[in-house]
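User: Please take a close look at one part of this structure: the sulfur atoms and their surroundings. Which are bonded, which are not, and what lies around them?

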Amino acid sequence: MTGETNKICPECNGEKKIAGTCVCDMEWRGSQKDDEWDDCQCTKEEICPGCQGTGSVPG
């Protein structure tokens with residue numbers, strides 16, 4: 001054993017990825033899908049930059 005311990009990444013709480021967020025607003029139009037407008041703008045899920053997707057950081 002090397003004595004190195006890891007702790008849960010505080011940025012993603014050990015989930016390895018950060019969930020995307022959605023903002024919905026009837027005042028502005030988001031994106032058009034076929035003939036319908038979607039009033040929500042969403043960001044995609046991304047790999048946690050704090051732990052590079054491992055879920056833990058050196059502690």
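Analyst: **Cysteines, bonded and unbonded**

Of the 59 residues of the protein chain, 14% count as buried. Buried means under 20% relative accessible area, exposed means over 50%, and partly exposed lies in between (1.4 Å probe, protein chains only). The model is predicted, so local features need pLDDT of at least 70 and side-chain atom pairs count only at pLDDT 80 or more, while totals for chains, interfaces and linings use all residues. Residues are numbered from 1 along each chain as its sequence is written, and side-chain values use heavy atoms, with hydrogens and water left out.

First, the frame. The protein chain has eight strands and zero helices. Both element types are DSSP runs numbered from the N terminus: helices are H or I with at least four residues, strands are E with at least two. The protein chain exposes about 5,000 Å², and carbon and sulfur atoms supply 49% of that area. These areas come from the Shrake-Rupley method with a 1.4 Å probe; for residues, only the protein chains shown count as cover. Contacts reach along the sequence too. Among those with a separation of 6 or more, 57% join residues 24 or more positions apart. A contact here means heavy atoms within 4.5 Å.

Now the bonded sulfurs. A disulfide is a pair of cysteine sulfur atoms within 2.5 Å, and by this rule the count comes to two. One links Cys 22 and Cys 42, with sulfur atoms 2.0 Å apart. Its torsion about the S-S bond is 115°, and the link is right-handed. Cys 22 lies in strand E3 (residues 22-24) and Cys 42 in strand E6 (residues 40-42), so the pair ties together parts that are 20 residues apart in sequence. Cys 42 is partly exposed, at 47% relative accessibility.

The other disulfide joins Cys 24 and Cys 40, with a sulfur distance of 1.9 Å. Cys 24 lies in strand E3 and Cys 40 in strand E6, so this pair ties together parts that are 16 residues apart in sequence. The torsion about the S-S bond of Cys 24 and Cys 40 is about 105°, so this disulfide is right-handed. Counting bonded cysteines along the chain, the pattern is 1-4, 2-3.

Next, the unbonded sulfurs. The closest cysteine sulfur to that of Cys 9 is in Cys 48, 3.7 Å away, which is too far for a bond. For Cys 48, the closest is in Cys 12, also at 3.7 Å and too far for a bond. Cys 9 is buried at 2% relative accessibility. Cys 48 is buried as well, at 1%.

Both belong to the largest nonpolar core, whose five residues are Cys 9, Cys 12, Cys 48, Cys 51 and Val 57. Such a core is a set of buried Ala, Val, Leu, Ile, Met, Phe, Trp, Tyr and Cys residues joined through side-chain atoms within 4.5 Å. Leaving out residues up to four places away in sequence, Cys 48 touches Cys 9, Glu 11, Cys 12, Lys 16, Lys 17, Ile 18 and Gly 53.

Two loop residues complete the view. Asn 13 sits in the loop between strand E1 (6-8) and strand E2 (17-18). Its phi is near 55°, a positive value in a residue other than glycine. Asn 13 is exposed at 57% relative accessible area. Gln 52 is in the loop between strand E7 (46-47) and strand E8 (56-58). Gln 52 also has a positive phi, near 55°, and counts as exposed at 59%.
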